[in-house]
Every structure is written in C-alpha cells, then in structure tokens.
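Student: Could you take me through one part of this model slowly? I would like a close look at a single residue first, and then at what lies around it.

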Amino acid sequence: MTPLQILLAGAGALLGLAPAVVALGRSPGARALTYGGALTLCGLTGAVALLSLLGLASPTGDAVLPLGLPWVGARFHLDALSAAFLVVVNLGGAVASFYALGYGRHETEPQRVQPFYLAFLAGMNLVVLAADAFSFLIAWEVMSLASWALVVARHREAGNVRAGYVYLLMASFGALSLLLAFGLLAGPQGAYAFDAMRAHRAAGAVAALVLALAILGAGSKAGLVPLHVWLPLAHPAAPSHVSALMSGVMTKVAVYAFIRIVFDLAGPPDWWWSLPVLVLGGATTVMGVLQALMQQDLKRVLAFSTVENVGVVFIGLGLALAFRAAQLPAAAALSMTAALFHVFNHAAFKSLLFFGAGAVQEATGERDIERLGGLIQRMPQTALAFLGGSLAISALPPLNGFVSEWLTFQAILMSPRLEAWALKLLVPAVGALMALSAALAAACFVRVFGIVFLGRPRSAAAGGARETDLFCRTALLALAGICLVVGVLPGFVIDALAPAAEAAVGGRLPAQVSQPWLSIVPIAESRSSYNGILVLAFIAGSAGMCAAAIHQFASRQTRRGPAWDCGAPDPSPATQYTAASFAQPIRRVFATTLLAAREDVDMPQPGELRASRFQATIGDPIWRTLYAPIAWSVDLAAERLNRLQFLTIRLYLSLVFFALIGLLLVLALWT
Amino acid sequence: MRKEVVLAHNASWLFRVAPYLIFAGTWVAAALVPTFATGLMFSWSADLIAIIALLGTARFFLALAGMDIGTSFGGIGASREVMIATLAEPALLMIVFSLALLAGSTQLSTIAGYMLSSNVGLRVTLALSLFSLIMVAIAENARIPVDNPATHLELTMVHEAMVLEYSARHLAVIELASFLKLLLYVSLIACVFAPWGLAPVGAGAAAHLLGIATYAGKLAVAGVLLALFETAIAKMRVFRAPAFLGAAFMMGILGVLLLFVSRGGLR
C-alpha cells in the first residue's frame, strides 16, 4: 500500500468506527473502542505522515475514488504540506484520545460525544488530504458539524446552546466563503480538481476576490479578529479533550486551508496580498491576548490565547506572502517555516493547557479561576506540566514557543529588503504588536498559573482536590516533554518542515541539523543563531552549581513557620490577590480604549451607612460595532418578512405572477 | 551566611526552586553580554533576543514566586511587575530591532563590533535607542523613579513586594540576581553605545587589560550617574510608569521606522 492509501484507510476506519460506537451506546466498551481505536488509527496515520514528510516513505501520491461529482471524482493527494499538517492533526488526535481514555470516564452522556469525536478526527484528516473542491468542502463540513455536535454535547449547561448557535452561524458563513472562493478558482468550466485550478491561474480582480474569500472562510475557522467571536464561546463549551482538538488542531486545519488556497491554488501573489494578512494578524495577536488577560473562566482564557497564537501564525504567513512576491525565496522560506513551526508548537502546548484545564475541572468542578488556588500542593504533576505549557506559550527559552517566535522576529528583521513603501511602514508596526503580545502573553500565564496553582485555595472544592488519573497525567507530561525537546532541538523540526515550506513558497532554509552543536542558523551565523540545548545546559548548570555551592558552604537548614506578610498575615484566603486584581493595572493601561473597560466606584460619604461599591466592566467593541448591527438588521428583516406569511391566496398568486413578469423582463433586458 | 531559611507553611517546591532558576536565567543572560572584549566563546548560542527572553524567564519565575504563598503583598508585586514588563519588554525588542537592522545581525558581539567600526556615524535612531534603553533599564532594575529598591512597607513597592516572603539564602540569591541584572544592563549600554576599549577578537593581553580598565571606568561612571539621578528625582506613582515606559516604547518604534524609511546603511 502507498502511504496515501494507508492514510485514507485510516480516515475511513475512523469514520467507520462511529456507527459501531453508536451501536454500543453508553457501555464502557464504547469508550474503550472510541478512544483506543482513535489512538491506534491516529498513531498509525501520524506515523505514516511523518515518514513521508521525512522522505522515508514515498512523499507524494494521488488517489481518485468514484465518489462525489461524476466528472471529477473524489480526489486525494499527499504532498509535503499535507503531510506536515497530518502530523499535527494526528499527533493532537492521538494524545487527546490517550487523555480521553481516562478523562472520558467522567462524561455523563458519552453517547453524545464519542461518535462525533471519531467523525471530527476523520473530517480533519480528509480536509488535509482532499485534492478537489467538492471533497474538500464535504470533509470541511463533516469537521464543522461534528465539532458543533461536540460543542452542544452538554446542552443543559448554561450558555452552551448559544455557543453552538453562534458557532454554527459562523461555520456556515465560513463554508460559504470557501465555496465561493473555490467557485472563482474553478472558473466557468467547473474545473473543481485542484490540478485543474493550478493549470489556469486566477488573475487581477478575481485573485483579489479569492484572497478576500479565503481570509473570510479560513480566517473565521481559525479565529482571526474580527471573525473570532464564536471561538471563545464554543471551545470552552466542549469536553476538554475536544476543546484541545478544536483549539490546538482544528484552527490549524483552517491555516492549512488558507495556505492551500492562497499559496498554492491562487497563483503567484502580488505584494499587496500580504497587507490584509499582516494587519489582521497583528490586530489578532494583541486583541486575543488582551481579552485572554481579562477572562475569569480558565478555558476561555485558553481559547482567547488561541486567537493570539493564530495571529502569530498569520503574521508569519503574511511575511511569507510579501517575501514571495518580492522574489526573496530564502526570507519567504524563513517566514513560512516560522509559521509552520508555530502551528506545530501551538498544537502541542495548547492541547497540554486544555488537558490541564480539564484535569483541574474534574478535580474541583470549577472553571472559574477566582475559586481555585493552591493546586500545586494537591496536583503536583498536573501543575508541573501546566507550568511547562505556560512557559512555552509565553515564548520563554528554552521551550518551543520561543523558537518559533524567534524565527518570526528574524523574518521581520529581513523585511528592509522589501521594496513596497506600505510594507516598510507596516512590518515594523506588526513587529511591535507582536513584541507587545508576547509580553502580554507572559503576563497572562503568570496570572493563570499563579491564581490557579499557587497561593491558598479560594474554595472548599479547590482545597479538597485530588491528583488526576494516570492516563491524563501521562498525556500531560508527554506533551510537556515534547515542548521541551522541540525547544532544545529545534533544528530537527525545521529540517522536517523544510519540504513543506518549499511546497508552499518555493524556497528552503539551509539544513540545520548539520550545524555545529545543533544550533539553528536561519540565514548566516554572523547574522543570528540560537542554540537551545546549550541554553538549557547553561541554565541547569548554573542553577545546580549555585544551589550546590550554597548548600555546601553556607547553610542548608530550613524551618517552617507562618507566612510573614509584613507582620500582619490574614488567615482568610479572600485576602489574596485575585485574578481580577492581578489584571487591573493592565486593564487600566491597555483595555480602557481597546476593550472599553470601565471602573465605577461608588464611595459613600462619611457618616453614610450603605456599603461602597466597585464595579469593573469590560465590553467587546467588535461585537458592539460589527455583530450587533448585523443581528439587529436580520431581526428587523425577519419581522418585516413575517407579514408575508399571513396573506390571502389571491395575494400570493399575484406575487408569484409579478415575480415571474419581473424575472422575464430582466432576462429580456439582459440579452 | 549561616542563617536558616524560614519557609511559610504552604510554600510549594516552586518557591524553593525559583531563586536558583531566577539566578541562573539572569546569570546566563549576563554571561552573554560582552564586557571588556568582543568575540565571546559561546556568543553564538543565544542572540540579543534570546538574552531578553532569558530575562523574561527569570521574571516569570520571580512573579510566580511572589504569588506562591498567597499574600496580598506578593500578588501586588507580581501584578505590577508584569504590568511594567508588558511595556518594557516590547520597548527593549524595538531597540534590538534598531540595532539589528543597523548592524545586520542580532548577535551582540557582531553589534558591538559594528559599533566599534568607523562606519556608524551619528544617527537619530541611535540617540532614540539610547534614551529608550536607559528608560527601560531604570524600569527593569526597579530603580527610582519607577520603583524604589530601598523601600519596605510601602504600597508603592514592586520588586520588594514579591520577595517579601523570602529569607536567608533564597533572598541572597534573588538579590544577587537583581544586582547581576543591573550589571547586565550597564554592560549592555556600555558595549553598544560606548564600545571604546572593547578588546576585539584575537587581540593581545595589552588590549584585554585596557578593556578591563575601561570597563571598570564605565561601571564607575554609570554608578555615579545612577546615584546622581536617583538623588535628583522622586519616585512616581505606579500608574505614571506606563506613560514613562510608553514613551520608551514609542521612541523605540520611531527609531525602527526611521531606519526602515531611510534606506542608507541597512544590511
């Protein structure tokens, strides 16, 4: 069998398992079959995809199945780009399935989750493999609808149904945009196979329209501002292993769709294509992380932070477009590699963080971080893994998040070679936004980790938490290990991604693994280099030597006592700093304008006996200015049109008659 | 030296490990900054962006350590520290961008070598970067007017509030790390904006001795200037600090933009 056949068989088997799981219903066997089967199949397909990405198995392949449109068939194609994304999808899928072997036990209605979980995984695999518009969109819809079903699986919890509704609307909108984009690419002949689209390139206004539709379609799934509104509602509503897949993996499938359409199918880019991508990417990073800093719900924090990271990926993609249009293949390859590397990294640490959030939720029953605290004492291994994920997502060395952001910064520093003036002004601004968002992300995860895992328990549930089960802990620690290993040995990942970047932009970075000491050197050593393994060794060495010297030559005694707190400790855990108070300085500095944050203080006069009040509110200007008017006009139109429902038969007949006359008139005038 | 550590009852392992990690992060970052000679042995293992990020790692652990015991002082310190960092770090990165665009490299040794060479000239960007870097250095090292390193029991404190629960060897290591950070910033400013006397790669012993002497001189000058500045100015309100650092950030962006717009001399 060729690799492509194995991959298709794997996706088909995932899809085929779903009815079997439905038949088994609520029994524990169904859980084992779902997650065990998904683990095996994702592990297998992920391994095959990795082998073909590394060139050890045949890297390309084509298959046509007699399904779908009769004159096109269902076409599937494997190349380096799809292989890279298949690795991300199936790594995420395999780890999530392993985690769910333990976590799924807590599900109250597993029959609402398990079949859709399998279909969701199969849909994501098929999107990445599809090579004609019809099967691409079918797979895309399978992915969307299955994830929608997972979002509303716990439909009795407040807010979940609304989240599902908003998600369904945005998903339909995105699919419609992609449908139109493919329609434009296919042209009037209806050439829906990707090969045929590549053969005759779109140009001029059509290409611009395709770009806009791709941004709308893929961007709404990935969570680009201002199309991100569904994401912080829907991702937290699903069970945690599904949230991890939606945030860590499904947004990456959307990134794949964008790369496939804009870099591959739409033809050679003009320089200005990068403008909207860079602007939206920059805005997305800062808006996402600022919103994340303001949230109280642990999973919503993580969902907004996904929005931020998608912005970072799109900044890399925008730079790649600009460099490619300017005929700078080395710089384009650097930007593309940075974007793909961040795709991989984000899938790893965001899954880790969502798994951690799920473990915390199962242990305490709480997602509100204001009611957690002190969990490092009770869940030490979860805390350790979550700390690793927090460091990685804050782009701190020596973990993996730093490497991809470092590569993106290096790509930004290449940009004076661009000719266009608009880019000369825009790229430094985007760099500043990205620097700002990296610092804000660190603040965000200091806040999350500090409030949830450190301090004293803020509720009885947090005080009585127990460490999570073995499956969950293994999945958490495995992902933390991936974050560390990829962070210290990034050269291997960059080399593995090189064919994928080459498929997208036509250039590749120099081989990294052959560099001395396993450094990474994107352009030249005199320009920039980074060596994760040495940095880790230096940190570990100096910390170890410092501790050893002090313990040897000074003192090693320790005494436990009550907290000092300037001599006036208060035993109530309510006197601790809360998440809201932690974020208050940043809210005052940044969010007053960007998020319309307001603080209302109502202080009674001396002698008055009523209680004083302090109220902090934040709004979402995007919802207010963009979505609220749309919802309002849709409501208005629906109300007006509602009258048409209660007319007499004569009026209906005359309406039909006049409509017919009108259409015939239009036809007559048209020709 | 022989004092025992007094730990709060609910202190976690993170609280005990953090001082050493903070020290190690700062130490590695400081070791990558040229002091009296360019061409450090492991200069290629991390560039200027990585040095800043290493300081970020140290700060991450410091802020977490402040929140570990669950006292309000620790929380207030951590909260203010990250607020200051969210403006100082991007400002610093903008300075790095300016220098990297000029020198065509983010390696600190290469930048210092470029600044030593004769083709630098006077540039507006460099002046903006210098001002911005000094402002960031003041904020990052918790000096007046942003924070007061000598104060205690004051609602205005930032750094001291975070380390309030530490004692004995842990406190010593953290204080050592913060002194080291000050040294790092002084060395950074000296090697980029006053690189005179730095011994180039492969220079003889005399050049290195000269380098050490000038480095000591630069440190002395910086110490005197810092002391003069601190006696001449009062500490500002916490919420004035964002304006102070925002100015540094804006100067950094302006410097980078000027470089992008003026085409000469870029590599």
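**A close look at A:Arg456**

Tutor: Let's begin with the company this residue keeps. Leaving aside its neighbours within four places in sequence, A:Arg456 is in contact with A:Gly373, A:Gly374, A:Pro573, A:Gln576, B:Asn10 and B:Gly70. Please keep in mind that the model is a predicted one. Where does A:Arg456 sit along its chain? It lies in the loop between H17 and helix H18 (460–463) of chain A. Is A:Arg456 buried or exposed? It is buried, because 21 other C-beta atoms lie within 10 Å, and the cut-off for buried is 20 or more. Sequence distance can be set beside distance in space here: A:Arg456 and A:Ala330 are 126 residues apart in sequence and 51 Å apart in space, C-alpha to C-alpha.

Two of the names in that contact list, B:Asn10 and B:Gly70, belong to chain B, and that leads us to the interface. How many residues of chain B are in contact with chain A? There are 75, and they meet 71 residues of chain A. On the chain B side, the elements that give two or more residues are strand S1 (5–8), helix H1 (13–31), helix H2 (48–68), helix H3 (72–103), helix H7 (168–193) and helix H9 (241–261). The largest share of that side, 18 residues, comes from H3(B). Sorted by class, the side of chain B that touches chain A has 48 nonpolar, 18 polar and nine charged residues.

One of those elements, S1(B), forms a strand pairing across the two chains. Strand S3 (residues 558–561) of chain A pairs with S1(B) in the parallel sense, over four bridges. To find one bridge by eye, look for A:Thr558, whose partner in S1(B) is B:Val5.

Another of them, H9(B), packs against a helix of chain A. As general background, two packed helices are described by the angle between their axes and the distance between the axes. The axes of helix H17 (residues 421–453) of chain A and H9(B) come within 9 Å and cross at roughly 155°. An angle over 145 degrees counts as roughly antiparallel, so H17(A) is roughly antiparallel to H9(B). The crossing of H17(A) and H9(B) is right-handed. Which residues meet there? From H17(A) come A:Lys424, A:Leu425, A:Pro428 and A:Ala432, and from H9(B) come B:Ile253, B:Val256, B:Leu257, B:Phe260 and B:Val261. By class, this contact has eight nonpolar, no polar and one charged residues. H17 also brings us back to our starting point, for A:Arg456 is in the loop between H17 and H18 of chain A.

A helix pair inside chain A makes a good companion to that one. The axes of helix H13 (residues 329–364) and helix H16 (residues 400–413) of chain A come within 8 Å and cross at roughly 160°. That angle makes H13(A) roughly antiparallel to H16(A). The crossing of H13(A) and H16(A) is left-handed. Among the residues that make the contact are A:Phe341, A:His342 and A:Ala348 of H13(A), together with A:Ser404 and A:Leu407 of H16(A). The residues of this contact divide into nine nonpolar, nine polar and no charged.

A:Ala348 offers one more lesson about distance. A:Ala478 is 130 residues from A:Ala348 in sequence, and the two are 9.8 Å apart in space, C-alpha to C-alpha. A:Ala478 is found in helix H19 (residues 470–488) of chain A. It counts as partly exposed, because 18 other C-beta atoms lie within 10 Å.

Finally, some backbone details to look for. A cis peptide bond joins A:Pro397 and A:Pro398, with omega about 5°. A:Pro398 has its place in the loop between helix H15 (380–393) and H16 of chain A. The peptide bond from A:Val225 to A:Pro226 is also cis, with omega near 5°. In chain B, B:Ala168 has a positive phi of about 50° although it is not a glycine. B:Ala168 is found in helix H7 of chain B, and with 20 C-beta neighbours inside 10 Å it counts as buried.

Note on methods:
Residues are numbered from 1 along each chain as its sequence is written. Chains are lettered from A and ligands numbered from 1 in the order in which they are written. This is a predicted model: local features need pLDDT of at least 70, side-chain atom pairs count only at pLDDT 80 or more; totals for chains, interfaces and linings use all residues. Two residues are in contact if their C-beta atoms, placed from the backbone, lie within 7 Å. Ala, Val, Leu, Ile, Met, Phe, Trp, Tyr, Cys and Pro count as nonpolar, Asp, Glu, Lys and Arg as charged, and the others, Gly among them, as polar. Two strands pair if DSSP finds at least two bridges between them. Axes are lines fitted to C-alpha atoms, for helices over the stretch in contact, and angles run from 0 to 180 degrees between N-to-C directions. Angles under 35 degrees count as roughly parallel, over 145 as roughly antiparallel, 65 to 115 as roughly perpendicular and the rest as oblique. A crossing is left-handed if the near helix is turned anticlockwise from the far one by less than a right angle, and right-handed if clockwise. A residue is buried if 20 or more other C-beta atoms lie within 10 Å of its own, exposed if 12 or fewer, and partly exposed in between; C-beta atoms are placed from the backbone.
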